[in-house]
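This briefing is for a reader who is new to the structure. Please look over the sequence and the model before reading the points below.

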Amino acid sequence: MTLRMPPRHLAAAVAAGLLLLGGAASAQTKAKPAKAPSYSFKELVWSDEFDKPGLPDSVKWTYDVGGTGWGNQEEQFYTKARRENARVENGHLVIEARKEALNDKNAYTSARLVSRAKGGGSLTYGRVEVRAQLPAARGTWPAIWMLPDDWKYGDKSWPANGEIDIMEYVGYRPEVVQASTHSKKYYFRLNNQKTDSVRVPTATTAFHDYAMEWTPETITVFVDNKPYFTSRNEHTGWEAWPWDHPFHLLLNVAVGGEWGGLKGIDQTAFPQKMLVDYVRFYKMRQR
């Protein structure tokens with residue numbers, strides 16, 4: 001048997017129901033969403049001000065050495081503790097690419113400095129700040145970037161364990177600075193790396209601050225404290241976000257390569273220098 005309600009009672013019930021629904025919606029509207037965490041980067045935990053002339057501080061820096069192309073068909077040979085290629089003078093670190101042959105394979109020399117994890121030169125989350133002036137020649141490829149201390153994900157190789165490019169600059173594309181992140185899911189050989197660029201008209205004639213702030217949710221890159229690139233954590237696993245363990249810093253000037261040498265090399269323009277005024281690491285703290 002179906003119980004039928006008189007029309008006037010039905011109208012009253014519907015009105016009461018709507019009132020209750022409205023009250024519930026109002027309660028939901030008033031509920032405050034969870035506040036996203038905010039972070040500060042004020043505690044300096046590691047730095048090099050490059051105020052002692054000579055070779056770079058061996059407590060803070062080591063070298064990648066060799067001339068095998070470094071996965072990009074680069075044409076330089078990276079040397080170790082050779083003043084012609086890496087030195088501190090006039091309050092700056094100088095990384096110098098030179099047209100000279102030290103072996104039968106490479107026509108150029110340069111240096112690739114690596115911050116020593118045991119010397120405090122690595123961090124998980126924080127701010128990395130490098131003040132630098134870049135070389136200008138076509139065919140040069142200076143970079144300020146980061147790689148992991150431990151290669152723990154996937155097949156324990158690149159790009160599965162991540163790369164953070166704070167600054168890349170190819171000489172054939174003047175005034176344009178690039179930032180990128182590379183992971184197994186997003187990297188340049190798949191042509192889907194997360195990346196962006198910004199114009200820096202005086203990149204080769206003046207010093208600029210190249211910085212990166214890294215949190216569990218984002219990697220944001222700045223030039224002179226102005227953000228222009230952010231890579232976000234999708235929370236889909238290490239294939240997309242391997243940045244949850246210590247990384248160290250690399251500073252280098254490559255010559256040629258798949259990107260740097262795309263428009264050839266101006267052989268008459270060498271030597272070329274990247275000058276670094278300072279490097280500073282700041283610890284991340286949640287507010």
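The points below cover one strand and its partners, then salt bridges, then backbone details. The model is predicted. Strand β17 spans residues 247-255, and 9 of its 9 residues are buried, so the strand is largely enclosed by the rest of the structure. The count of salt bridges comes to 17.

**Strand β17 and its faces**

- In a regular strand, side chains alternate between the two faces of the sheet.
- Both faces of β17 are covered.
- On one side, the buried residues are Phe247, Leu249, Leu251, Val253 and Val255.
- On the other side, His248, Leu250, Asn252 and Ala254 are buried.

**Partners of β17**

- Strand β10 (residues 140-148) pairs with β17 over 9 bridges in the antiparallel sense. Within this pairing, Met146 stands opposite Leu249 of β17.
- Strand β7 (residues 112-115) is joined to β17 by 3 bridges, and the two run antiparallel. Arg112 stands opposite Asn252 in β17.
- Strand β8 (residues 122-123) also runs antiparallel to β17, with 2 bridges between them. Leu123 has Phe247 of β17 as its bridge partner.

**Salt bridges**

- Asp277 and Arg131 form a salt bridge in which the closest N and O atoms are 3.9 Å apart. This pair links distant parts of the chain: Asp277 is in strand β18 (residues 272-286) and Arg131 is in strand β9 (residues 126-133), 146 residues apart.
- Both members of that pair have intermediate accessibility values: Asp277 is partly exposed at a relative accessible area of 22%, and Arg131 is partly exposed at 25%.
- Glu175 forms a salt bridge with Arg199, with the closest N and O atoms 2.2 Å apart. Glu175 lies in the loop between β11 (163-168) and β12 (176-182), while Arg199 is in strand β13 (residues 194-199), so the pair ties together parts that are 24 residues apart in sequence.
- Arg199 counts as exposed because its relative accessibility is 56%, and exposed means over 50%. Glu175 is partly exposed, with a relative accessible area of 28%.
- Arg82, Glu84, Arg87, Glu89, Glu96, Arg98 and Glu100 are joined into one network by salt bridges that share partners.
- Within this set of residues, the side chains of Glu89 and Arg87 meet in a salt bridge at 3.2 Å, N to O.
- Glu89 counts as partly exposed at 30% relative accessibility. Arg87 counts as buried because its relative accessibility is 14%, and buried means under 20%.

**Backbone details**

- Most residues other than glycine have a negative phi, and most peptide bonds are trans.
- The peptide bond from Trp158 to Pro159 is cis, with omega near 5°. Pro159 is found in the loop between β10 and β11.
- The peptide bond from Phe270 to Pro271 is also cis, with omega near 5°. Pro271 lies in the loop between β17 and β18.
- Ala81 is not a glycine, although it has a positive phi of about 50°. Ala81 sits in the loop between β3 (76-78) and β4 (86-89) and is partly exposed, with a relative accessible area of 38%.
- Glu175, the salt-bridge partner of Arg199, has a positive phi of about 75° and is not a glycine.

Definitions and conventions. Residues are numbered from 1 along each chain as its sequence is written. This is a predicted model: local features need pLDDT of at least 70, side-chain atom pairs count only at pLDDT 80 or more; totals for chains, interfaces and linings use all residues. Side-chain values use heavy atoms; hydrogens and water are left out. Buried means under 20% relative accessible area, exposed over 50%, partly exposed in between (1.4 Å probe, protein chains only). Helices (H or I, at least four residues) and strands (E, at least two) are DSSP runs, numbered from the N terminus. Two strands pair if DSSP finds at least two bridges between them. A salt bridge is a side-chain nitrogen of Lys or Arg within 4 Å of a carboxyl oxygen of Asp or Glu.
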